[in-house]
Amino acid sequence: MDHFLYRDGELYAEDVPLAEIAAQVGTPFYVYSHATLTRHFTLFDEALSGMDHLVCYAMKAASNQAILKIMAGLGAGMDVVSGGEYRRAVAAGVPGDKIVFSGVGKTREEMTLALTHGVRQFNLESEPEMEVLNEVALSLGVVAPVTVRVNPDVDAKTHAKIATGKSENKFGIPIARAREVYARIAQLPGLKAVGIDVHIGSQLTDLEPYRLAFTKVAELTDSLRADGHDIIRLDLGGGLGIPYERGNAAPPLPVEYGALVKEVLGDKGVEIEIEPGRLIAGNAGLMVSKVIYVKKGEGRDFLIIDGAMNDLVRPAMYDAHHDIVPVKEATPGVEQQPYDVVGPVCETGDTFAKGRSLAPLVAGDLVAFRSAGAYGAVMASEYNTRPLIPEVLVKGDQFEVIRARPSFEEIINRDTIPEWV
Ligand SMILES: *Cc1c(COP(=O)(O)O)cnc(C)c1O
């Protein structure tokens, strides 16, 4: 459920008509619903109630400071994957002991930053990283709390580009080697193992891969404890999928995911961490765009809109589906027609949908891309010198731009021309 609904034939974000935002900020833009963001975080938090737990929002899904502030206000921790994200979390007021540092390529600078300002734990992804973190911690005179991200070799049954838990993926350490690796950690005075981490992929639409992975983690918890390690925390990663296509079978709900966690790990006496990103932000955001031209083609028409692959790259990058709906509700019973929905960028890949059935549209009409809140604005670029599009936050009947569209001067002035050119 989200808070983008039609009222009197007009699509609203909570109590604000999208057409009103478009008139004020121009198109295209992203818009997020405060109520939806809050609801999704709360669903996860409640799903784990009764267990010691922390929901760490995976901010790479949508990292605007206003969104982070909402999460921080709800008591969320953060999962960060870079020094930049770490700084964003701190800037939003998240205490260091609620920040989990993930990622396969952490640098010494990033480790120093997090160890100096505070960190809940580093999720280690390789043995070379482990040795480097030990050195950095010792040089600062501190002990770094760590987990090892284990790769359970399960098939997450998701898009190949976002599956991370198979042995051929670059992530984590093969679970079969985990005992050896934890034994090495015990020898390193700059590190203290506090738990185990696993994250098998994104946009999972089935609980079975989770069950397989969590069961392996439960077994590993027992064997590591038997080896003398103090496993107090399990980080189960993120990845629960969202319904991108209305009418299709819906993915499992947070409450079902929570029940599985309790069933498989409830008796381990550990604190549970989860790192949802997409499910919190995805259906809390839309991208709104305007039709520039309707171009007649053979067999179908092209809807050329002012949003493009640089603004929302998921269709070009992952063949992702986004529902596209008119901001002015179609007259009931009107005959739909197939459109190829495309942007203005000079790439054939700049295609949002092919042969999509929509009620007839004309130049100037507004359309909304649903489920665009996660991996939308954060993946945008300025390809074709198209300015990063604004982000808007709605709460009730209020709205505000939370990231402004840069001017062309700003964009051009970011470059410098050497004197010798
Ligand atoms: C991307 C990522 C997440 C979040 O995944 P979602 O599918 O957005 O829930 C969580 N943890 C790690 C380590 C990640 O890389």
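**Exercise 1. Identify the polar contacts of the ligand in this predicted model, beginning with Arg 278.**

Solution. Step one concerns the backbone: an N or O atom of the main chain of Arg 278 lies 2.7 Å from an oxygen atom of the ligand. Step two turns to side chains. An N or O atom in the side chain of Tyr 375 is 2.5 Å from an oxygen atom of the ligand. For Glu 275, an N or O atom of the side chain is 2.5 Å from a nitrogen atom of the ligand. Step three applies the cut-off: a polar contact is a pair of N or O atoms within 3.5 Å. The pairs of Arg 278, Tyr 375 and Glu 275 are each to be judged against that limit.

**Exercise 2. Describe the surroundings of the ligand and state how much of its accessible area the protein covers.**

Solution. On its own, the ligand has 390 Å² of accessible area, and the protein covers 93% of this. The site is the largest pocket. The ligand is surrounded by 14 residues, with Lys 60, Ser 202, Glu 275, Arg 278 and Tyr 375 as the closest. Sorted by class, this shell comprises three nonpolar, six polar and five charged residues.

**Exercise 3. Determine the strand order of the sheet that contains β1, β2 and β3, and explain which strands stand at the edges.**

Solution. The order is β1-β2-β3 in an open sheet of three strands with antiparallel pairing. Because β1 (4–7) and β3 (16–17) each have a single partner strand, one side of each is left without a neighbour in the sheet, and these two stand at the edges. In general, strands of a sheet pair through backbone hydrogen bonds. Between β1 and β2 (residues 10–13), four bridges make up the antiparallel pairing; Tyr 6, for example, has Leu 11 of β2 as its bridge partner.

**Exercise 4. Locate the backbone exceptions at Glu 14 and Pro 28.**

Solution. The reference is that most residues other than glycine have a negative phi, and most peptide bonds are trans. Glu 14, which is not a glycine, has a positive phi of about 50 degrees; its place is the loop between β2 and β3. The peptide bond from Thr 27 to Pro 28 is cis, with omega near -10 degrees. Pro 28 belongs to the loop between α1 (18–25) and β4 (29–33).

Technical notes:
Residues numbered from 1 in each chain as written. Predicted model: local features only at pLDDT ≥ 70, side-chain atom pairs only at ≥ 80, totals over all residues. Heavy atoms only, no water. Near = heavy atom within 4 Å. Polar contact = N/O pair within 3.5 Å; in protein donor to acceptor, adjacent residues only side chain to side chain. Areas by Shrake-Rupley, 256 points an atom, 1.4 Å probe, with all protein chains shown as cover. 1 Å grid on protein atoms, 1.4 Å probe; cavity = no way out; pocket = protein on both sides within 12 Å on 5 of 7 lines; lining within 4 Å. Sits in = over half its atoms within 2 Å of the grid points. Nonpolar A, V, L, I, M, F, W, Y, C, P; charged D, E, K, R; others polar. Pairing = 2+ DSSP bridges.
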